[in-house]
Amino acid sequence: MDNNILERVNHWLEGPYDETDKAEIRRMMREDEKELSESFYRDLEFGTGGLRGIMGVGSNRMNRYTVGTATQGLANYLKLSFPAADLKVAIAHDSRNHSRDFAEVAAAVLSANDIDCYLFEALRPTPELSFTVRHLNCHAGIVVTASHNPKEYNGYKVYWQDGGQLVPPHDKNIMTEVGKISSIDEVKWQKKTGKIHSIGKEVDEVYLTKIKNLSLNPQTIAEQKNLSIVYTPLHGTGITLVPKALQLFGFQNVTILEKQATPDGDFPTVASPNPEEKTAMEMVLQKAKEIDADLVLATDPDADRMGIAAKDHHGEWQLFNGNMTASLLVHYILSQKARETDFKDKFIVKTIVTTELINAMAQDFAIDCEDVLTGFKYIAEQIRKFEGKKEFLVGGEESYGTLVSDFVRDKDAVSACCMIAELAAVLKSQGRSLFDLLLQLYQKYGLYKTELLSLTKKGQDGVKEIADMMKHFRECPPQALENYKILKIKDFKTQKTYYPQNNKEEDILLPSSNVLQFFTEEGDKITVRPSGTEPKIKFYFEVRSDLQKAADFDEISAKLSEKIEIFKQFMINY
């Protein structure tokens, strides 16, 4: 075994770690050397957003020691950043195994550093944590969650005083402070009970009132109050607030999928609690068919991502991907707001991997659309950048995250569920459906078809394989995708746009990021990037065609799917 791994193992065996942890290390030494290697081959990295990893014993695992060390680093940085302040931090957690334990460890360490902690009494959605940071005038926030990852994972996300996830320079600065901690003896573990304050319903009420005030057509909801909605929280935090929020909006016919209603970190009814995956939506779709519902809503374990389903033009249930949902929500907000105002001092935001349909709509409505790097923290950064100058209306990303208004500074599935339900009610009052509106948008702006391919590459070998793939695409970029010439290549790492046909270059005015984009002569967009939170490399495909009439949708959609398959195989085999 590698000497660096052995050194880390011995450090744990000889150090002030719990005896049960040491016993587990000895078991792995006897029975599972590969698992031992994976658990100790590196320190679990405090990345630009925090921690995420498999739970267990070891330096490369999510456990009380890695959480405590991260929290001590955060405490040290807060004291450097606000030397004269009485520091305050809000803390929330999801339904995952050990989430409550890790949240309490974070609260204990912060309190031991004389920082006041506002810890939710029980599980709460991530967007409520974002809201709470600003509502209670905190200097930072922590949420213990691994979002939609499989059950063996957990994570630890840090928010800054604006309620957004960490962005430069704070992300790197906190990473530096965490990196300075060489021993768990440097962590202050002994909690000060008087510094830990329990919060709950009083914050819920303010947050829910803010969501209720987003409604643009309350009278239509009153007329369509019996819109049949089936909702699943996928064993997560959504159960705490989504039904209440829908009720406050005026929806009276909400069926909760009972088999997935109880918070459970084992996620017993799904392989992965991710509304992006069809298998996770099977049970709620079956229920919708049984009762002939109008709309399906689903939220991931920390309720920042929303999945939806509704009937298509054939009367068949259709899962909507994140690009479709974001496009519908953006159009609804813009079309409603356009009745009362122009958009000169307003803006919307999307990420670079999100559908270009949103840009097309923004041009039509004459509103600025900011394109940002992948990650909702960059959308929050734009809100902060323009605060007091321009009003943020709506933002979205392809990975099932949207945000309306700015009282939350992260994607918010609680408010998104309400706004999509409202749109469905408005359309039903007109004798139309969500899919009908999509077809209308496709006829006006073009049929944009998108698909995501994720390749999982686990462990040490996977990290290297992903790095090698990115290096190959960067150093030997394709000149064409099968028969489709590439007109330009965007390399966000070098912050340059390259035009292979004439060797021209342009600067990219966004921060450096390990992302490549290829654009064909027909306007297709293919993006390649390693995931920042999972052991995956992701390929985002978007192709477009004109759609003259709705009757042609099936034929043209099928042709675009064939084109995506060609691009998929090319990128996998390149």
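The expected span of a helix is 1.5 Å times one less than its number of residues. In this predicted model, helix 5 (residues 99–112) offers a handy case: the helix has 14 residues, and its first and last C-alpha atoms lie 20 Å apart, close to the 20 Å expected. Helix 5 is also mostly covered, with 11 of its 14 residues buried. Among them are Ser99, Phe102, Val105, Val109 and Leu110, along with several alanines, including Ala106, Ala107 and Ala108. The cover over these buried residues includes helix 4 (64–81) as well as strand 2 (88–93), strand 3 (116–120), strand 4 (140–144), strand 5 and strand 6 (196–199). After helix 5 comes aspartate 114, with a positive phi near 60 degrees.

Backbone geometry deserves a look elsewhere too. Most residues other than glycine have a negative phi, and most peptide bonds are trans. Alanine 303 has a positive phi, near 60 degrees, though it is not a glycine. This alanine sits in the loop between strand 9 (295–299) and strand 10 (306–311). Because its relative accessibility is 0%, alanine 303 counts as buried.

Glutamate 482 likewise has a positive phi, about 55 degrees, without being a glycine. Its loop runs between strand 17 (480–481) and strand 18 (484–491). With a relative accessible area of 46%, glutamate 482 is partly exposed.

The peptide bond between proline 168 and proline 169 is cis, with omega at about 5 degrees. Proline 169 belongs to the loop between strand 5 (153–160) and helix 7 (170–179).

Conventions: Residues numbered from 1 in each chain as written. Predicted model: local features only at pLDDT ≥ 70, side-chain atom pairs only at ≥ 80, totals over all residues. Heavy atoms only, no water. Helix = DSSP H or I, 4+ residues; strand = E, 2+ residues; numbered from the N terminus. Buried < 20%, exposed > 50% of the residue type's maximum accessible area, 1.4 Å probe, protein only. Contact = heavy atoms within 4.5 Å.
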